[in-house]
Amino acid sequence: MAEKRKILIQLDTDPQPSVFDRVVAIDGGADELFSYGGVKPENVRELVHGAIFTRGHKDLKKTALFIGGSDVSAGERLLEEVQKHMLPKIGLRVSVMLDPSGANTTAVAAVRAAAQHLPFTASKALVLAGTGPVGQRVGLLLAGQGAEVRIASRQLPRAEHVAEVLRGRVPGARISGIAVTGPADLPAALEGRNFVIAAGAAGVCLLPLDVWKKCPTLQVLIDLNAVAPLGIEGVDVIDAGTAREHVVGYGALGVGGTKMKIHRAAIAKLFESNDQVLDSEQIYALAQTL
Ligand SMILES: NC(=O)c1ccc[n+]([C@@H]2O[C@H](COP(=O)([O-])OP(=O)(O)OC[C@H]3O[C@@H](n4cnc5c(N)ncnc54)[C@H](OP(=O)(O)O)[C@@H]3O)[C@@H](O)[C@H]2O)c1
């Protein structure tokens, strides 16, 4: 009998499934792509059953799920729902990857960029605007790798809440929240930091050049905002390990190449077995092998 084709089932929480994710799915090795838009938790059971009840055990690894969409929390709810309807006790499950808004693959690429320059267990990070989907995942991964992490937000309770959630997820995490309401708060937030990952909303400058220039402990600056004004003044959007003043800089497009490579590799990985859940930590582990 002919070899079964690799089918990726795209569950997108937006009405129109992401073309970006569709292209990467094909480039990552899917032979067929079934795309569903506007997916809600109540739709998931039938979709999962369609995936797990159609092929024999040995071919289930040739079917996989990808959860995307612009609303990261909605994507996380879909992942929970997907897992509820798999039947692992009798081997009826398929692998699934979560990457709404590219949050996982972007955070992994940013943290991998920093890892090229710093031993995390001896490093102190500041994650600017670390309360968004990407920033939270950056915080999670850094804490998991042993870095000491400060999560910044314009609102202290938001930063402290994220820090608390991440401490709950990473045993022994050294992570705290800090308020940064404007440039005047930055010198204290930067004090003793070796690197900054700016994960702020598009088009918002979070770290002016004249502020970070005066922080001698800084070694690496990574900005994920590709829309001018950029998140870190003095780091260009295409920087990829570029020397800037006394630091090494990465811009959003500089990180983007690695993000694409990781995204494609994660899609390919889905088809290796039928029992994987690729969320931040698993995608980070994969990126370490690339
Ligand atoms: N390069 C890539 O491949 C790629 C892929 C995905 C995303 N991205 C980029 O990564 C960045 C983070 O994405 P995200 O989805 O996590 O971002 P987001 O949710 O839009 O924003 C992140 C945080 O920015 C802060 N913020 C929002 N508006 C602000 C303002 N006017 N002034 C100052 N701070 C503000 C908020 O934190 P507080 O309210 O707590 O201060 C918010 O939680 C974005 O720039 C996005 O475009 C890049």
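The following paragraphs go through a sheet and two helices of a predicted model.

The sheet is open and has five strands, in the order β2-β1-β3-β4-β12, with parallel pairing. Strands β2 (32-36) and β12 (277-278) stand at its edges; each has a single partner strand, so one side of each lacks a neighbour in the sheet. Within the sheet, β3 (residues 63-68) and β4 (residues 95-98) run parallel and are joined by four bridges. F66 has M97 in β4 as its bridge partner.

Helix α1 (residues 19-27) lies across β1 (7-12), β2 and β3, and runs at about 160 degrees to β2. At the N-terminal end of α1, S18 acts as a cap, with a side-chain oxygen 3.3 Å from the backbone nitrogen of F20. The buried residues of α1 are D21, V24 and A25. Seen down the helix axis, these buried residues fall within an arc of 105 degrees, so they line one face of α1. Their cover includes β1, β2, β3 and α9 (252-270). V19 and D27 are exposed, on the face of α1 turned away from the buried side. After α1 comes G29, with a positive phi near 120 degrees.

Helix α3 (residues 72-85) has 14 residues, which at 1.5 Å a residue should span 20 Å; the end C-alpha atoms are 20 Å apart, in agreement. The N-terminal cap of α3 is D71, which has a side-chain oxygen 3.1 Å from the backbone nitrogen of S73. Buried in α3 are V72, A74, G75, L78, L79, E81, V82 and H85.

Methods
Residues numbered from 1 in each chain as written. Predicted model: local features only at pLDDT ≥ 70, side-chain atom pairs only at ≥ 80, totals over all residues. Heavy atoms only, no water. Pairing = 2+ DSSP bridges. Helix = DSSP H or I, 4+ residues; strand = E, 2+ residues; numbered from the N terminus. Contact = heavy atoms within 4.5 Å. Axes fitted to C-alpha atoms, helices over the stretch in contact; angles between N-to-C directions. Expected span 1.5 Å × (residues − 1). Buried < 20%, exposed > 50% of the residue type's maximum accessible area, 1.4 Å probe, protein only. Polar contact = N/O pair within 3.5 Å; in protein donor to acceptor, adjacent residues only side chain to side chain. Arc of directions from axis to C-beta.
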